[in-house]
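Okay, thanks everyone, let's get going. I've put the model up on the screen, so have a look while I talk you through a few parts of it.

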Amino acid sequence: MNKIPVQELEAGSKYSKPVYIDDESILVPENVEIREKDIQRLLKWGVEEVRTEGVLMDGSAPSSDDSFEGKGVTSSELKAYRRAIASMDSFFNDCRKGVSLSSSDLEDVIHNFYPLILDKPESAMVLTTLKQDAVDNLSCAAVNCMIYSTVLGIKIKIPGHRLINIAYASLIHDIGMTQIPQNIIRKKGKLNPEELDKVKTHTVYAYRLALKALGLAEEVGRIAMSHHERWDGKGYPRGLDGNKIPVGARILSVADAFVAMSKDRPDRDSLTGYTAIRQILNDNSRRFDPAILKIFIQNIGIYPRGSIVILNNNAIGKIVEIHSAAPLRPVLQLLIDEKGRKPKQKNTYLDLLKEKDIFITRAVDPKEMGKG
């Protein structure tokens with residue numbers, strides 16, 4: 001890797017590969033500008049150099065965003081998503097290092113990315129399916145939770161002032177995990193009772209941080225603290241049940257479960273979107289509010305966006321759009337046609353709501369197709 005002295009970093013510069021602070025922390029993803037406050041934060045931490053496998057890009061350098069053409073998002077939307085993840089990286093790094101926290105990184109996400117979710121929810125959900133290299137899983141999960149929680153809140157018609165509280169809570173709900181020993185977080189296999197108790201403290205930590213350190217609304221803290229409460233009353237930290245659980249927490253609970261299942265963990269690989277949805281559907285009103293879960297499935301789909309599926313004519317496609325009234329009849333981008341060939345036209349789409357004789361037979365793991 002190339003080592004770059006922090007003193008030589010310039011605000012506005014960007015690199016062709018992610019820039020790292022250390023082995024686990026990323027400063028900015030590839031092709032995302034370094035901000036002046038990023039540099040000042042490094043100086044405050046006493047970091048002398050950062051590392052990257054990339055090269056400094058100038059204004060005329062080609063953008064790697066071109067590789068996302070045809071996936072339902074624009075270059076500017078992708079950059080906004082990456083910037084949001086980078087801001088959350090900064091936020092979580094501050095918390096891990098025990099420095100004084102501020103809400104500036106959260107505000108950056110809310111001001112510059114949250115409006116995109118409100119304006120183009122379909123594009124925002126597609127962004128969650130794009131592979132993010134070398135990014136803190138906690139940061140990526142926080143932004144993805146905010147996307148799904150916000151979209152679900154919109155569908156449930158949550159008022160705007162409360163919807164933004166759900167967005168803030170989604171960003172910080174797992175902040176307490178930064179205080180859990182790494183040997184517990186990375187443990188393969190089942191946690192013992194003592195380890196499990198330590199993990200459970202992360203919800204209360206989020207509540208305290210929201211109110212005391214960040215000065216956020218009481219509702220933000222309550223939602224963050226309650227995202228592991230269960231519909232049947234067997235959750236934590238307070239054992240609330242049914243409608244006693246804040247509605248924002250019931251929304252976040254579903255979003256958090258889906259995002260968690262869709263990412264790699266020490267004890268297993270990430271699940272395909274279809275497998276994650278199937279596990280959530282098997283809940284039987286134990287963990288999730290059934291009414292909220294129904295709306296989630298209608299909008300995420302049985303086969304979520306980004307899922308690779310095989311059709312009854314042996315064609316292979318990727319889900320790009322969901323019909324909420326008919327979640328089993330999505331729109332696909334055709335990857336392989338029924339004759340086993342790549343489509344002649346680069347972006348060929350198939351709407352199963354219109355193609356009545358074609359249906360999905362099964363979902364496949366992209367890794368099986370060499371796309372992992």
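Let's begin with strand β5, where the side chains alternate: Val50 and Thr52 point to one face and are buried, while Glu49 and Arg51 point to the other face and are not buried. Before I go on, keep in mind that this is a predicted model.

So where does β5 sit? It belongs to an open sheet of 4 strands, and the order is β1-β5-β3-β4, with antiparallel pairing. The edges are taken by β1 (2-5) and β4 (26-28), and each of those has a single partner strand, so one side of each is left without a neighbour in the sheet. As a quick reminder, strands of a sheet pair through backbone hydrogen bonds, either parallel or antiparallel.

Now the two partners of β5. With β1, the antiparallel pairing runs over 4 bridges, and Lys3 is the residue standing opposite Arg51 there. With β3 (residues 19-20), there are 2 bridges, again antiparallel, and here Tyr20 stands opposite Arg51.

Zooming out for a second: the protein has 13 helices and 11 strands. Of its 372 residues, 52% are buried. And if you take contacts between residues at least 6 apart in sequence, 63% of them join residues at least 24 apart.

On to the cores. How many residues are in the largest nonpolar core? The answer is 89, and the residues with the most contacts inside it are Met88, Phe91, Leu106, Phe113, Leu171, Ile172 and Leu311. Helix α6 gives the most to this core, with 11 residues. There's also a second, separate core of 15 residues, and Val50 from our strand is in it, along with residues including Tyr15, Val19 and Leu42. The general background is that in soluble globular proteins, nonpolar side chains tend to be buried together.

Take Met88 from that first list. Leaving out residues up to four places away in sequence, Met88 touches Leu106, Val109, Ser139, Ala142, Val143 and Leu171. Ser139 is worth a click: it lies in helix α6, residues 137-155. Is Ser139 buried or exposed? Buried, with a relative accessible area of 0%. With the same sequence neighbours left out, Ser139 touches Ile85, Met88, Asp89 and Phe92.

Next, helix α9. At 1.5 Å a residue, its 21 residues should span 30 Å, and the end C-alpha atoms are 30 Å apart, which agrees. There is a bend of about 25 degrees at Thr203, though. At the N-terminal end, Asn192 is the cap, with a side-chain oxygen 3.1 Å from the backbone nitrogen of Glu194. After the helix comes Gly215, whose phi is positive, near 65 degrees.

Which residues of α9 are buried? They are Glu195, Val199, His202, Thr203, Ala206, Leu209 and Ala210, so Thr203, where the helix bends, is in that group because its accessible area is under 20%. What covers the buried residues includes α2 (75-97), α7, α8 and α10.

That brings us to α10, residues 218-225. In this helix 6 of the 8 residues are buried, so it is largely enclosed by the rest of the structure. The buried ones are Glu219, Val220, Gly221, Ile223, Ala224 and Met225. They pack against α7 (160-172), α9 (193-213) and α11 (247-261).

Last stop, Asp174. You'll find it in the loop between α7 and α8 (182-185). Why does Asp174 count as buried? Its relative accessible area is 15%, and the cut-off for buried is under 20%. The side chain of Asp174 makes a polar contact of 3.2 Å with the side chain of His202, which is one of the buried residues of α9. Another polar contact, at 3.4 Å, joins the side chains of Asp174 and His173. Leaving out residues up to four places away in sequence, Asp174 touches Leu138, His202, His227 and Asp256.

That's my tour, so let's open it up for discussion.

Note on methods
Residues numbered from 1 in each chain as written. Predicted model: local features only at pLDDT ≥ 70, side-chain atom pairs only at ≥ 80, totals over all residues. Heavy atoms only, no water. Buried < 20%, exposed > 50% of the residue type's maximum accessible area, 1.4 Å probe, protein only. Contact = heavy atoms within 4.5 Å. Pairing = 2+ DSSP bridges. Polar contact = N/O pair within 3.5 Å; in protein donor to acceptor, adjacent residues only side chain to side chain. Core = buried A, V, L, I, M, F, W, Y, C linked by side-chain atoms within 4.5 Å. Expected span 1.5 Å × (residues − 1). Bend = angle between axes of the 7 residues up to and from the residue.
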